[in-house]
Amino acid sequence: MIGISVLGSTGSIGKSTLDVLARHPDRYQVVALSANSDVQGMREQCLEYRPMMVAMADPDSARVLSRELAAAAPEITVLSGIDGLKAVATHESADQVMAAIVGAAGLVPVLAAVEAGKRILLANKEALVVAGGLFMEAVRRRGVIVLPIDSEHNAVFQCMPEGYEQGLDGKGVKRILLTASGGPFRTLPVEELASVTPEQACAHPNWDMGRKISVDSATMMNKGLEVIEAHWLFGAAPERIQVVIHPQSVIHSMVEYVDGSVLAQLGNPDMRTPIAHALAWPERMESGVSSLNLFEVARLDFEAPDLQRFPCLGLAFRAIEEGGSMPAILNAANEVAVAAFLEGRTGFTDIPRIIGKTMDSLGGQAADSLEVLLEADAQARETAERLLAGPVT
């Protein structure tokens with residue numbers, strides 16, 4: 001039996017992971033789970049999957065959960081806070097760790113899992129966006145296998161040649177083509193973007209995702225963050241990564257080779273495909289995803305991204321080019337701005353303005369320690385909140 005810990009088990013990726021695992025009970029055992037504050041969701045998962053340990057990031061939620069499990073599942077250990085998340089990530093019975101916590105909160109437990117030598121199924125963008133250099137150095141030092149879960153990076157991974165880690169030039173790779181749906185506002189007149197609502201931004205045309213990720217898709221910040229991820233995962237310079245808008249979300253990404261070949265990974269837009277691929281790698285197993293019907297798809301469209309419509313994408317390229325702590329600043333400011341938009345405290349088009357002004361205010365530092373990056377994260381959040389309190393021009 002392969003032991004699995006799931007960080008962020010009550011989120012969309014976590015739920016999809018448990019769905020795939022439930023299809024193979026003879027192969028996998030859920031040993032530990034974590035969530036932020038969804039007590040009801042975690043209670044239901046505990047009763048269904050019977051993990052040995054669970055952790056709630058929010059201490060009050062952990063206390064409520066502990067009381068609710070006292071009679072129904074007293075054998076399950078309930079922990080809280082960052083130490084609890086690290087305990088889930090490093091559980092001795094876990095062979096693989098699904099890192100699906102959204103946001104910078106997932107960085108510390110994912111790094112703990114790497115140091116513990118676990119196989120990492122990486123769905124947490126921030127491990128690479130905030131601390132890509134430190135993360136990949138730890139991965140190499142510990143000899144850990146990292147398998148990307150984002151549909152785009154998983155697709156690139158499937159299209160990459162063996163040994164690409166030694167350098168793309170030596171393997172004939174010319175560039176990476178990251179596809180993007182364009183989100184719900186791909187064709188909306190630019191002048192109408194200022195008045196869009198959180199409900200509209202969260203109505204993704206192809207994918208079922210959490211609210212924060214859905215807004216990132218609507219601004220295309222998610223694609224900008226994925227450019228930064230791809231830079232670290234595949235050792236690709238920013239100029240070798242191209243974003244391609246592909247509204248059907250059938251081609252999940254492509255790799256172009258120097259001989260003119262372009263390899264693409266296709267499939268229905270269902271996160272269970274990359275999850276099952278990573279869980280079973282290097283083998284394959286059933287995921288519950290229906291077969292792709294190319295006759296129903298009928299056509300595949302492609303277009304270049306409009307940076308006037310999607311300024312967040314340009315900000316992400318700027319962050320990776322400036323390097324150091326700037327990607328961490330970009331990410332933190334985005335989290336604050338998106339949260340404010342979802343809470344109705346700012347407008348949709350204020351999101352890139354807040355991010356850009358935060359980047360201008362702080363500048364980047366050398367990203368030579370986790371402490372420096374976490375401090376940059378904190379300063380960016382404080383700056384972004386201050387900008388939210390006044391007029392954003």
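These are my notebook entries on a predicted model, covering a seven-stranded sheet, an annotated site and two buried residues.

**Ground rules.** I number residues from 1 along each chain as its sequence is written, and I use heavy atoms for side-chain values, with hydrogens and water left out. Because the model is predicted, local features need pLDDT of at least 70 and side-chain atom pairs count only at pLDDT 80 or more, while totals for chains, interfaces and linings use all residues.

**Entry 1, the sheet.** I looked up the strand order first. The sheet is open, has 7 strands and runs β4-β3-β2-β1-β5-β6-β7 with parallel pairing. Strands and helices are DSSP runs numbered from the N terminus, a strand (E) having at least two residues and a helix (H or I) at least four; two strands pair if DSSP finds at least two bridges between them. Which strands stand at the edges? They are β4 (77-80) and β7 (146-148); each has a single partner strand, so one side of each is left without a neighbour in the sheet. From one strand to the next the twist averages 20°, with axes as lines fitted to C-alpha atoms (for helices over the stretch in contact) and angles from 0 to 180 degrees between N-to-C directions.

**Entry 2, strand β3 and its partners.** I then followed β2 (residues 28-35) into β3, which pair in the parallel sense over 4 bridges. Ala35 has Met56 of β3 as its bridge partner. Between β2 and β3 the chain passes through helix α2 (residues 39-49), and this β-α-β crossover is right-handed; that is, with the strands pointing away from the viewer, the path from the first strand over the helix to the second runs clockwise.

β3 and β4 also pair in the parallel sense, over 4 bridges, and Met53 stands opposite Thr77 in β4. The chain gets from β3 to β4 through helix α3 (residues 59-72), in a β-α-β crossover that is right-handed.

I checked the side chains of β3 (residues 53-56) as well. Met53 and Ala55 point one way, Val54 and Met56 the other, and all are buried (buried is under 20% relative accessible area, exposed over 50%, partly exposed in between, with a 1.4 Å probe and protein chains only).

**Entry 3, β6 and β7.** Strand β6 (residues 119-122) pairs with β7 in the parallel sense over 3 bridges. Ile120 has Val146 in β7 as its bridge partner.

**Entry 4, the annotated site.** The unreviewed UniProt entry carries a "binding site" annotation on Thr10, Gly11, Ser12, Ile13, Asn124, Glu126 and Gly210. UniProt positions are in the numbering used here, feature names are shortened, and annotations may be inferred rather than shown by experiment. Thr10 is in the loop between β1 (2-7) and α1 (12-22), as is Gly11. Is Thr10 buried or exposed? Thr10 is buried, at a relative accessible area of 16%, whereas Gly11 is partly exposed at 31%. Beyond its neighbours within four places in sequence, Thr10 is in contact (heavy atoms within 4.5 Å) with residues including Ser34, Ala35, Asp38 and Met42.

**Entry 5, Met160 and Thr358.** Met160 is in the loop between α8 (151-159) and β8 (173-180) and is buried at 10%. I noted Leu168, Val173, Ile176, Phe234 and Tyr257 as its contacts, not counting residues up to four places away in sequence. From Met160 to Val78 the C-alpha distance is 41 Å, with their positions 82 residues apart in sequence.

Thr358 is in helix α16 (residues 350-362) and is buried, with a relative accessible area of 0%. Leaving aside neighbours within four places in sequence, I found Thr358 in contact with Ile329, Ala333, Ala380, Thr383, Ala384 and Leu387.
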